[in-house]
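Me: I would like a close look at a single part of this model, with the surrounding chain brought in where it helps. Please take your time and connect the points as you go.

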Amino acid sequence: MSSLDIVKKMQINDEFIELVSYASIIVRCTEAPVRSETGAWTWKGVRVDNGHEIDYLITEGYEHYGPKLYPVSNFPVYM
């Protein structure tokens, strides 16, 4: 499942993993993804561990530049 597939199915309160260069973080969706006319998907989430809000953007056709997302159920998290 690609990051864009996860975004298209995401709903408020869904949790997902974002893989960053040095770690993985669990994020809860607080604002449902919305697609613009240009194929840019935007949404908001909050880190489960510290409550920091994150603004997200992923663009169709350029997903490789966007966040690397994984379902919580399919990704081992070591904290």
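In which strand does Ile17 lie, and what can be said about the residues around that part of the chain?

Reply: Ile17 lies in strand β1, and everything that follows should be read with the caution that this is a predicted model. Before turning to that strand, it helps to set out the chain to which it belongs. The chain has 1 helix and 5 strands, and along the sequence these elements come in the order α-β-β-β-β-β, with β1 covering residues 15–19. For a chain of 79 residues, a compact globule would be expected to have a radius of gyration near 12 Å, and the 12 Å of this chain agrees with that expectation. Along the principal axes, the C-alpha atoms occupy a box of roughly 40 × 20 × 20 Å. Buried residues make up 32% of the 79, and, among contacts with a separation of 6 or more, 38% are between residues 24 or more positions apart.

Within the strand, Ile17 has a relative accessible area of 0% and is therefore counted as buried, since the cut-off for that class is under 20%. Its C-alpha atom is separated by 6.2 Å from that of Val27, a residue 10 positions away along the chain.

Glu15 belongs to strand β1 as well, but its relative accessibility is 35%, so Glu15 counts as partly exposed. When residues up to four places away in sequence are set aside, Glu15 touches Ile26, Val27, Arg28, Val48 and Val72. With one of these, Arg28, there is also a polar contact from side chain to side chain, at 2.6 Å. The C-alpha atoms of Glu15 and Ala32, which are 17 residues apart along the chain, are separated by 12 Å.

The loop between α1 and β1 includes Asp14, which is partly exposed with a relative accessible area of 32%. Setting aside residues up to four places away in sequence, Asp14 touches Lys9, Val27, Arg28 and Cys29, and the C-alpha atoms of Asp14 and Val27 are 8.3 Å apart although the two residues are separated by 13 positions along the chain. The side chain of Asp14 also reaches the backbone nitrogen of Gln11, at 2.8 Å. Val27 and Arg28 thus appear among the contacts of Asp14 and also among those of Glu15.

Asn13 lies in that loop too, and its backbone deserves a separate remark, for its phi is near 80 degrees, a positive value in a residue other than glycine. Most residues other than glycine have a negative phi. Asn13 is exposed, with a relative accessible area of 54%.

On the other side of the loop is helix α1, which covers residues 3–9 and contains Ser3. Ser3 is buried, with a relative accessible area of 12%, and beyond its neighbours within four places in sequence it is in contact with Ile58, Pro67, Lys68 and Leu69. In the case of Pro67, the backbone oxygen lies 3.2 Å from a polar atom of the Ser3 side chain.

Finally, the surface and charges of the chain can be set beside these local points. The chain exposes about 5,200 Å², of which carbon and sulfur atoms supply 52%. It carries 7 positive and 11 negative side chains, and the centres of these two sets lie 2 Å apart.

Definitions and conventions: Residues are numbered from 1 along each chain as its sequence is written. This is a predicted model: local features need pLDDT of at least 70, side-chain atom pairs count only at pLDDT 80 or more; totals for chains, interfaces and linings use all residues. Side-chain values use heavy atoms; hydrogens and water are left out. Helices (H or I, at least four residues) and strands (E, at least two) are DSSP runs, numbered from the N terminus. The radius of gyration is taken over C-alpha atoms; the globule rule is 2.2 Å times the number of residues to the power 0.38. Buried means under 20% relative accessible area, exposed over 50%, partly exposed in between (1.4 Å probe, protein chains only). Contact means heavy atoms within 4.5 Å. Accessible areas come from the Shrake-Rupley method with a 1.4 Å probe; for residues, only the protein chains shown count as cover. Lys and Arg count as positive and Asp and Glu as negative; His and the chain ends are not counted. The place of a charge is taken as NZ of Lys, CZ of Arg, CG of Asp or CD of Glu. A polar contact is a pair of N or O atoms within 3.5 Å; within protein, one must be able to donate a hydrogen and the other to accept it, and residues adjacent in sequence count only if both atoms are side-chain atoms.
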